[in-house]
Amino acid sequence: EIWMGEAGGAYNSGRPGVTDAFTSSFWYLDGFGILSENSEQTFCRQTLVGGNYGLLQNTEQKDPNPDFFALALWQNLMGKKVMEVTRSDAAADRYIRSYAHQSDSKDQLTFLLINLNNETAYDVNLSAPGMSRFEDFTVTSESLDSQVVFLNGVELKLNDEGDFPNVATLGVEAADGPLTLQPLTYGFYTFKK
């Protein structure tokens, strides 16, 4: 079994506004997807707290960085079985990263879509055999260097008691028709039987 150990977005404690910001989540999630497709079983983050690339900010309150929420969504929504994704838009392939995983019970299939284009939104038609409706978990931010992220328009942050939100409960039922993936966003789209 091969492990990815001590991974981080940059060496020497990272870079403020990059490895502790929304932009890092694109690299982080794309890495999960690529490694999963290549049968990688374990991905170890460089640090939980420390430097500018920890999952939690190096402050007294330990607020989560955007990668914390990306990881929470991945762990809660992506199953262990890697599925093949078929794409039909060659022009979008340069900018859209797409991954799909099925749960062990085979009753849930989740797609991860990442739009790396900073100007163009893409309409995406998702389909899963035997499943028609899906939940949408789209993550956005006001800027790439921001530590504030939104899940379906709701800011992700610690609650008043200092607890993390249960991101798996924050999906919204997707509308019929194609999904529009806005520039510089990512989302998890979960079909359930």
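# Exercises on a predicted model

Glu40 is buried but takes part in no salt bridge, and the nearest side chain of opposite charge, Lys80, sits 14 Å away. Keep in mind that this is a predicted model. Let's work through it piece by piece.

## Exercise 1: A buried charge

Task: Find where Glu40 sits, and work out which residues it touches and why it has no salt bridge to Lys80.

Solution:
- Start with the place. Glu40 is in the loop between H1 and strand S2 (42–45).
- Next, check the partner. A salt bridge needs the nitrogen and the oxygen within 4 Å, and Lys80 is 14 Å away. The pair therefore fails the cut-off.
- Now list the neighbours. Leaving out residues up to four places away in sequence, Glu40 touches Ile2, Trp3, Met4 and Leu35.

## Exercise 2: One of those neighbours

Task: Take Met4 and decide whether it is buried, partly exposed or exposed, then describe its surroundings.

Solution:
- Met4 belongs to strand S1 (residues 3–7).
- Its relative accessibility is 30%. Buried means under 20% and exposed means over 50%, so Met4 counts as partly exposed.
- Beyond residues up to four places away in sequence, Met4 touches Leu35, Glu40, Thr42, Phe43 and Cys44.
- Look at Leu35 in that list. Met4 and Leu35 are 31 residues apart in sequence, but their C-alpha atoms are 8.5 Å apart in space.

## Exercise 3: The largest core

Task: Say how many residues the largest nonpolar core has, and which element gives the most to it.

Solution:
- First, the count: this core has 27 residues. Those with the most contacts inside it are Leu29, Leu73, Leu112, Tyr186 and Phe188.
- Then, the elements. Two or more residues each come from helix H1 (22–37), helix H2 (66–77), strand S5 (108–115), strand S7 (134–140) and strand S12 (185–192).
- H2 gives the most, with 8 residues.
- Zoom in on Leu29. Not counting residues up to four places away in sequence, Leu29 touches Ala70, Trp74, Leu112, Ile114, Tyr186 and Phe188.
- There's a second, separate core too: it has 18 residues, including Leu109, Val124, Ala128 and Tyr189.
- For background, nonpolar side chains in soluble globular proteins tend to be buried together.

## Exercise 4: Helix H2

Task: Compare the span of H2 with the expected value, and decide whether H2 is largely enclosed or not.

Solution:
- H2 has 12 residues and runs 17 Å from its first C-alpha to its last. That's close to the 16 Å expected at 1.5 Å a residue.
- Now count burial: 10 of the 12 residues are buried, so H2 is largely enclosed by the rest of the structure.
- Among the buried ones are Pro66, Asp67, Phe68, Phe69 and Leu77.

## Exercise 5: Aromatic pairs

Task: Classify the ring pair formed by Tyr28 and Phe32 as stacked, tilted or edge-to-face.

Solution:
- The whole structure holds 12 aromatic pairs. In this one, the ring centres are 4.5 Å apart and the planes make an angle of 50 degrees.
- Stacked needs under 30 degrees and edge-to-face needs over 60, so the pair is tilted.
- Both residues lie in helix H1, 4 residues apart, which is about one turn of the helix.
- Both are buried as well: Tyr28 has a relative accessible area of 2%, and Phe32 has 7%.
- Elsewhere on your list of rings, Phe22, Phe26, Tyr186 and Phe188 are linked by ring pairs into a cluster.

## Exercise 6: Salt bridges

Task: Say how many salt bridges there are, and describe what the pairs of Glu173 and Glu135 tie together.

Solution:
- The count comes to 4 salt bridges.
- Glu173 pairs with Arg133, with the closest N and O atoms 2.6 Å apart. Glu173 is in strand S10 (residues 172–173) and Arg133 is in the loop between strand S6 (122–124) and S7, so the pair ties together parts 40 residues apart in sequence.
- Check exposure: Glu173 is exposed at 57% relative accessibility, while Arg133 is partly exposed at 35%.
- Glu135 pairs with Lys192 at 3.6 Å between the closest N and O atoms. Because Glu135 lies in strand S7 and Lys192 in strand S12, this pair ties together parts 57 residues apart in sequence.
- Finally, Asp93 and Arg87 meet in a salt bridge at 3.2 Å, N to O. Asp93 is partly exposed at 34%, and so is Arg87 at 43%.

Notes: Residues are numbered from 1 along each chain as its sequence is written. This is a predicted model: local features need pLDDT of at least 70, side-chain atom pairs count only at pLDDT 80 or more; totals for chains, interfaces and linings use all residues. Side-chain values use heavy atoms; hydrogens and water are left out. A nonpolar core is a set of buried Ala, Val, Leu, Ile, Met, Phe, Trp, Tyr and Cys residues joined through side-chain atoms within 4.5 Å. Buried means under 20% relative accessible area, exposed over 50%, partly exposed in between (1.4 Å probe, protein chains only). Contact means heavy atoms within 4.5 Å. The expected span of a helix is 1.5 Å times one less than its number of residues. Lys and Arg count as positive and Asp and Glu as negative; His and the chain ends are not counted. Rings of Phe, Tyr and Trp (its six-membered ring) pair if their centres lie within 6.5 Å; planes under 30 degrees apart count as stacked, over 60 as edge-to-face and the rest as tilted.
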